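Biologist: I should like to learn how to read strand pairing, enclosed space and side-chain contacts in a model. May we take one feature at a time?

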Amino acid sequence: MIPVSVCIITKNEAGHLEQCLDALRPFPFEIVVVDTGSMDRSKEIAKRYTDKVYDFEWIDDFSAAKNFCASHASHNMILSLDTDEFIRHVDWDALQTAIEGNSRNVGTIEMKNYFDTRDGRRYEVCRLERIFDRRYYHFQNPIHEMISPIGRSRDCSYGTLYDAPISVDHVGYLGSEDKLEKKAKRNLYLLSQELEKDPTNPYLYFQIAQCHLLMRDHKRACEYFEKAIRLNPPPTEDYTRMLVNNYGNSLIEIEQPTQAVRLLSFYDYYENNVDYLCMIGLTYMMIGQPLRALPEFIKALSAPTRDSVARAVPSYYVGYLYEFFGKIEIAKTHYRNCGDYPPALEALERLT
């Protein structure tokens, strides 16, 4: 068996930490916890699950804390988790096989990021680099840290990525407005410091925009999404797709859909993504072009990839547009296909 150490840094998140550690119980991971200055019961809770609990003086650098944590593991193979990330599924045998065939590569895990919207709780799915051999890799960047080859830039060529059979729920975007605002302001402070060092990095502008979204400030978020777009982020990166979709939806939120039309330049890259197609469809609707909106929602019905848009959304808008065109029976069929999606149920009641 190839042993794996799970490394976690934490501060004042006793409730999340207990859930995080408890989810690890069924699996033969070593657990290493580094506390960066908790005033709650975090260290007490951690010691119930592992004897490898250490202190690290916080220096506004997540990578420094995570590298310190990895250095105290008994094993070279590291799985890095945050306190608000809970293991949902691990195929241990498949994980062993994947690691054995990728000893010098970096493994990605499936992450479900949950967040609340006016239409209820939703999540987006992405894959993040989290498994690595500490002899070859470490963390870089004080915030939104990345796994990088030791002694080389993150941009240099290195081992390929592989998909590890691990699924995780992330709840860090849930909570009260005060909690989310505090988290966003902490991240903004660190990101602003990084931006001074690297002012042409679109990823930093994207993350700053995401912080403003966390505080429900769509107008301010759009300013930073725009700056990121102008720096030509690579369309093949997951964060660029999220950037484009969140920028478009934020422009719609602040009723500036004509600016979102420019995001059609990404169509060839994201035409198989439900979120992107729905955003484009809504843009056409808001600029008074329903005949151009309908094909986008119809295409979204069978698009193979989806990030966070509820499965019922494209069906609802197809129904909405057919109702607008006076095709009531066709509209009802699509509304019924939405299941218990509240807007569709309201529409069916209205048409009864």
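Modeller: Let us begin with the strands of this predicted model. Strand 6 (residues 106-117) is joined to strand 7 by 11 bridges, and the pairing is antiparallel. Within it, Met111 faces Cys126 of strand 7.

Biologist: Which strand is joined to strand 7 (residues 120-133) by 3 bridges?

Modeller: That is strand 4 (residues 77-82), which runs antiparallel to strand 7. Here Leu79 is placed opposite Ile131 of strand 7.

Biologist: How does one look for enclosed space?

Modeller: A probe the size of a water molecule is rolled over the atoms, which reveals where space remains empty. In this model the search yields 1 cavity of 30 Å³ or more. The largest cavity holds about 30 Å³ of space.

Biologist: Which residues line the largest cavity?

Modeller: Its lining consists of Glu124, Val125, Cys126, Asp238, Arg241, Met242 and Asp307. Strand 7 and helix 8 (238-253) are the elements that contribute two or more residues to this lining. Sorted by class, the lining residues are 3 nonpolar and 4 charged, with no polar ones. Cys126, one of the lining residues, is also the residue opposite Met111 in the strand pairing.

Biologist: Where does Asp307 lie, and is Asp307 buried or exposed?

Modeller: Asp307 belongs to the loop between helix 12 (290-301) and helix 13 (313-324). Asp307 has a relative accessible area of 8%, and is therefore classed as buried, since the cut-off for that class is under 20%.

Biologist: With which side chain does the side chain of Asp307 make a polar contact?

Modeller: The partner is the side chain of Arg241, at 2.8 Å. Both Asp307 and Arg241 are in the cavity lining. Beyond four places in sequence, Asp307 touches Tyr123, Glu124, Val125, Arg241, Asn245, Asn273 and Asp275.

Biologist: What does Tyr270 contact, setting aside its neighbours within four places in sequence?

Modeller: Tyr270 is in contact with Pro235, Thr240, Arg241, Val244 and Tyr276. Arg241 thus appears in the contacts of Tyr270 and in those of Asp307. In addition, the side chain of Tyr270 comes to 2.7 Å from the backbone oxygen of Pro235.

Biologist: In which helix is Tyr270 placed, and why does Tyr270 count as buried?

Modeller: Tyr270 is in helix 10 (residues 267-270). Tyr270 counts as buried because its relative accessibility is 4%. As for distance along the chain and in space, Tyr270 and Arg306 are separated by 36 residues in sequence, while their C-alpha atoms are 10 Å apart.

Methods: Residues numbered from 1 in each chain as written. Predicted model: local features only at pLDDT ≥ 70, side-chain atom pairs only at ≥ 80, totals over all residues. Heavy atoms only, no water. Pairing = 2+ DSSP bridges. Helix = DSSP H or I, 4+ residues; strand = E, 2+ residues; numbered from the N terminus. Buried < 20%, exposed > 50% of the residue type's maximum accessible area, 1.4 Å probe, protein only. Contact = heavy atoms within 4.5 Å. Polar contact = N/O pair within 3.5 Å; in protein donor to acceptor, adjacent residues only side chain to side chain. 1 Å grid on protein atoms, 1.4 Å probe; cavity = no way out; pocket = protein on both sides within 12 Å on 5 of 7 lines; lining within 4 Å. Points joined across faces, edges and corners; volume = space filled by probe spheres on them. Nonpolar A, V, L, I, M, F, W, Y, C, P; charged D, E, K, R; others polar.
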